[in-house]
Amino acid sequence: IVVVDKNTKYTTIIDIAVRNDKSIKDKELEKVDKYQRLWEELERTWKTTAVVVPVVGALGAVTPKHTQWLAQIPGKVDASGLQKCALLGTGKILRRFLKLPGFW
C-alpha cells in the first residue's frame with residue numbers, strides 16, 4: 001500500500017504480513033530491507049520524503065515496535081480494525097481456495 005500526501009510531500013509504503021510468532025522479528029527487518037530501494041527511488045523521482053512501515057503480525061502477535069510503526073501511518077489507524085481486516089481477508093482466501101460453503 002502506498003500513501004502519498006502531495007501537500008506535505010510525504011510518502012508512506014505500508015506492507016502487511018501475517019506471520020507466525022517465531023519469525024515475526026525477522027519478517028519486520030525483511031520488510032524494511034525489501035523496500036529500501038523503492039523508497040529511495042520515490043524520494044529521488046517524486047522529491048518526497050518516504051518511509052516504509054512494516055505491519056507484521058496483523059493477526060495478534062506483534063513486534064515490540066508495532067505501535068511505533070502504526071503511528072507513522074497517516075490518519076487514524078486502529079490496530080483492532082487492522083486485525084479484523086487481516087482475519088476477514090484470510091478467511092476469504094481460504095474459502096475461495098478450499099471451495100468452502102458460505103462464500104459470498
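**Exercise 1. Is D15 buried or exposed, judged by its relative accessibility?**

Solution.
Note at the start that this is a predicted model.
Step 1. Place the residue: D15 sits in strand β2, which covers residues 10-17.
Step 2. Take its relative accessibility, which is 8%.
Step 3. Apply the cut-off: buried means under 20% relative accessible area.
Result: D15 counts as buried because its relative accessibility is 8%.

**Exercise 2. Find the residues in contact with D15, leaving aside its neighbours within four places in sequence.**

Solution.
Step 1. Set aside the neighbours within four places in sequence.
Step 2. List what remains: K31, K34, Y35, V53, P54 and V55.
Step 3. Pick out K31 for a closer look. A polar contact of 3.0 Å joins its side chain to that of D15.

**Exercise 3. Work out how K31 and D15 pair, and where each one lies.**

Solution.
Step 1. Start from a general point: side chains of opposite charge can pair when their charged atoms come close.
Step 2. Check the distance. The side chains of K31 and D15 meet at 3.0 Å, N to O. A salt bridge needs this distance to be within 4 Å, so the pair qualifies.
Step 3. Locate the partners. K31 lies in helix α1 (residues 24-34) and D15 in strand β2. They are 16 residues apart, and the pair links distant parts of the chain.
Step 4. Add the burial: both K31 and D15 are buried.

**Exercise 4. Count the salt bridges, then describe the one formed by E41 and R44.**

Solution.
Step 1. The count comes to two salt bridges.
Step 2. The side chains of E41 and R44 meet at 2.5 Å, N to O.
Step 3. Both residues lie in helix α2 (residues 36-46). They are three residues apart, about one turn of the helix.
Step 4. Turn to accessibility. E41 is partly exposed, because its relative accessible area is 36%. R44 is exposed, because its value is 55%.

**Exercise 5. Which residues make up the largest nonpolar core, and which element supplies its largest share?**

Solution.
Step 1. Name the members: I14, V51, V53, V55, W69, L70, I73 and L82, eight residues in all.
Step 2. Sort them by element. Strand β3 (49-56) and helix α3 (66-71) each supply at least two residues of this core.
Step 3. Find the largest share: β3 gives three residues.
Step 4. Look beyond this core. Another core, of five residues, lies apart from it. Its members include I13, Y35, L42 and A50.

**Exercise 6. Describe the surroundings of V55.**

Solution.
Step 1. Place V55 in strand β3.
Step 2. Judge its burial. V55 counts as buried because its relative accessibility is 1%.
Step 3. Leave aside neighbours within four places in sequence. V55 is then in contact with I14, D15, I16, A17, H66, L70, I73 and L82.
Step 4. Relate V55 to K31. The two are 24 residues apart along the chain, and their C-alpha atoms are separated by 8.9 Å.

**Exercise 7. Which residues make the nonpolar surface patch of about 270 Å², and how accessible is V2?**

Solution.
Step 1. Name the residues of the patch: V2, V4 and W46.
Step 2. Locate V2: strand β1 (residues 2-5) holds this residue.
Step 3. Classify V2. It counts as partly exposed because its relative accessibility is 47%.

Note on methods. Residues are numbered from 1 along each chain as its sequence is written. This is a predicted model: local features need pLDDT of at least 70, side-chain atom pairs count only at pLDDT 80 or more; totals for chains, interfaces and linings use all residues. Side-chain values use heavy atoms; hydrogens and water are left out. Patches are made of residues with over 30% relative accessible area and no salt bridge: like charges are joined within 9 Å, nonpolar side chains (Val, Leu, Ile, Met, Phe, Trp, Tyr) within 5 Å. Accessible areas come from the Shrake-Rupley method with a 1.4 Å probe; for residues, only the protein chains shown count as cover. Helices (H or I, at least four residues) and strands (E, at least two) are DSSP runs, numbered from the N terminus. Buried means under 20% relative accessible area, exposed over 50%, partly exposed in between (1.4 Å probe, protein chains only). A polar contact is a pair of N or O atoms within 3.5 Å; within protein, one must be able to donate a hydrogen and the other to accept it, and residues adjacent in sequence count only if both atoms are side-chain atoms. Contact means heavy atoms within 4.5 Å. A nonpolar core is a set of buried Ala, Val, Leu, Ile, Met, Phe, Trp, Tyr and Cys residues joined through side-chain atoms within 4.5 Å.
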